[in-house]
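Reader: I'd like to learn how to read salt bridges and a chain-to-chain interface in a model. Could you walk me through a case?

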Amino acid sequence: MTALTILINAFENALELPISEINDSLEYNSHKKWDSTAHMILIAQLENDFDVMFDIDDIIDMSSFVKAKEILLKYDGKISF
Amino acid sequence: MVVLITGAYGAIGKAACIAYAKTASLLFITGREQLKLDRLALQLQQEFNLPVEAIVTDVNNAEQIRALFQRLSKVSKRLDVLIHCAGILTQSPLLMTRIDEIQTCIATNLTSSILFCQQASKLMMRNKYGVITLVSSVVARQGSAGQSIYGAAKAGIEGLVKSLAKELGAVGIRINALAPGFIDTNLVKHFSAEEKSQVADKTCIGRIGQVDDITPVLQFLSSDGAKYITGEVIAVDGGLAL
């Protein structure tokens, strides 16, 4: 499974969104399902799936699907999206 | 059930370790002193045939807390129960309390509770299940001369519990606090027999508390029997606060 697929699945599970809605235009609070509670679940899911532990600054900064990719790359240089 | 207990070799922490060792599948214990922690881990492993991870952690060190949870995440991938017992009692009149004593008291009792909740809840969210129990004190509500900073820190824990219950309930995490009264532990060893007797007289039950009075309540709060209880502060004080 590619990193992008894992990421999309994480968003799908955490935000309970159809895959068709998970793309680079997806942003925190711009979609009604990506609220603060869903954000907490998303963070937990990403930490689990990518085996990382985010800094608080990165949790705050993870404001979009694009940003999530950027931040994950910072933690694991071996993955690519 | 994966359980993390802080302040593990303190009186309440140790009693909690022994109580949870009977039901946990994996126990993480923390404290500041390696030797004490290792001794307790060995005792628990031998007595209960249970895997125990002893991880030295200073609850005033955010990096060490983070490292603890990294280890926890790596080993178990989940956390079901957090019992945060670590704390200190600062006893001195307000006008004789130095800034470093104030900061240490707030950091050890309150800030550490916040940091442990932050890390634990993140891990618990993976399974949308978890129970956190913090330790407050009768002093938070009743006050005690010479314990203003301690009382303020413990009152902070009670505020933390109320708000986090609202924040974390939706993701399956319950959080409560226990408010022990006068429990016969090292924290109160400086009290004379006469002073202890005076405190006992102020309780409805007519005696000071023992750690055995605390552990069944801790276990209840993390059990399914308490699955509809969150945001509560349960006094275990023999009626001292009445």
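Author: Let's go through the salt bridges, then the interface, then one buried residue.

Author: First, some ground rules: this is a predicted model, so local features need pLDDT of at least 70 and side-chain atom pairs count only at pLDDT 80 or more, while totals for chains, interfaces and linings use all residues. Residues are numbered from 1 along each chain as its sequence is written, chains are lettered from A and ligands numbered from 1 in the order in which they are written, and side-chain values use heavy atoms, with hydrogens and water left out.

Reader: What counts as a salt bridge, and how many salt bridges does the structure hold over all chains?

Author: The rule asks for a side-chain nitrogen of Lys or Arg within 4 Å of a carboxyl oxygen of Asp or Glu. Over all chains, that gives 13. Take A:Asp55 and B:Arg66, whose closest N and O atoms are 3.2 Å apart. A:Asp55 sits in the loop between α2 (36-50) and α3 (56-61) of chain A, and B:Arg66 in helix α3 (residues 62-76) of chain B, so this pair joins two chains. Helices here are DSSP runs (H or I, at least four residues), numbered from the N terminus.

Reader: Are A:Asp55 and B:Arg66 buried or exposed?

Author: Go by relative accessible area: under 20% is buried, over 50% is exposed, and partly exposed is in between (1.4 Å probe, protein chains only). A:Asp55 comes out partly exposed at 36%, whereas B:Arg66 is buried at 14%.

Reader: Which residue forms a salt bridge with A:Asp58?

Author: That's A:Lys74, with 2.7 Å between the closest N and O atoms. A:Asp58 is in helix α3 of chain A and A:Lys74 in helix α4 (residues 65-75) of chain A, so the bridge ties together parts 16 residues apart in sequence. A:Asp58 is buried at 4% relative accessibility, but A:Lys74 is exposed at 57%.

Reader: And where do A:Glu70 and A:Lys67 lie?

Author: Both are in helix α4 of chain A, three residues apart, or about one turn of the helix. Their side chains meet in a salt bridge of 3.3 Å, N to O. Both are partly exposed: A:Glu70 has 43% relative accessible area, and A:Lys67 has 23%.

Reader: How do I read the area buried between chain B and chain A?

Author: The size of an interface is often given as the accessible area lost when the parts come together. Here the sum over both parts (1.4 Å probe) is about 1300 Å², with carbon and sulfur atoms giving 58%. B:Arg66, B:Lys122 and B:Arg126 supply 42% of what chain B buries against chain A, more than any other three residues. B:Lys122 and B:Arg126 are also linked with A:Glu47 in a network of salt bridges.

Reader: How many residues does the contact take from each chain?

Author: With contact meaning heavy atoms within 4.5 Å, 14 come from chain B and 14 from chain A. Across this interface the rule finds three salt bridges.

Reader: Last one: where does B:Glu158 lie, and what does B:Glu158 touch?

Author: B:Glu158 lies in helix α6 of chain B and is buried at 11% relative accessibility. Leaving out residues up to four places away in sequence, B:Glu158 touches several residues, including B:Ser136, B:Ala179 and B:Val233. B:Arg141 is another of its contacts.

Methods: Buried area = accessible area lost by both parts, 1.4 Å probe.
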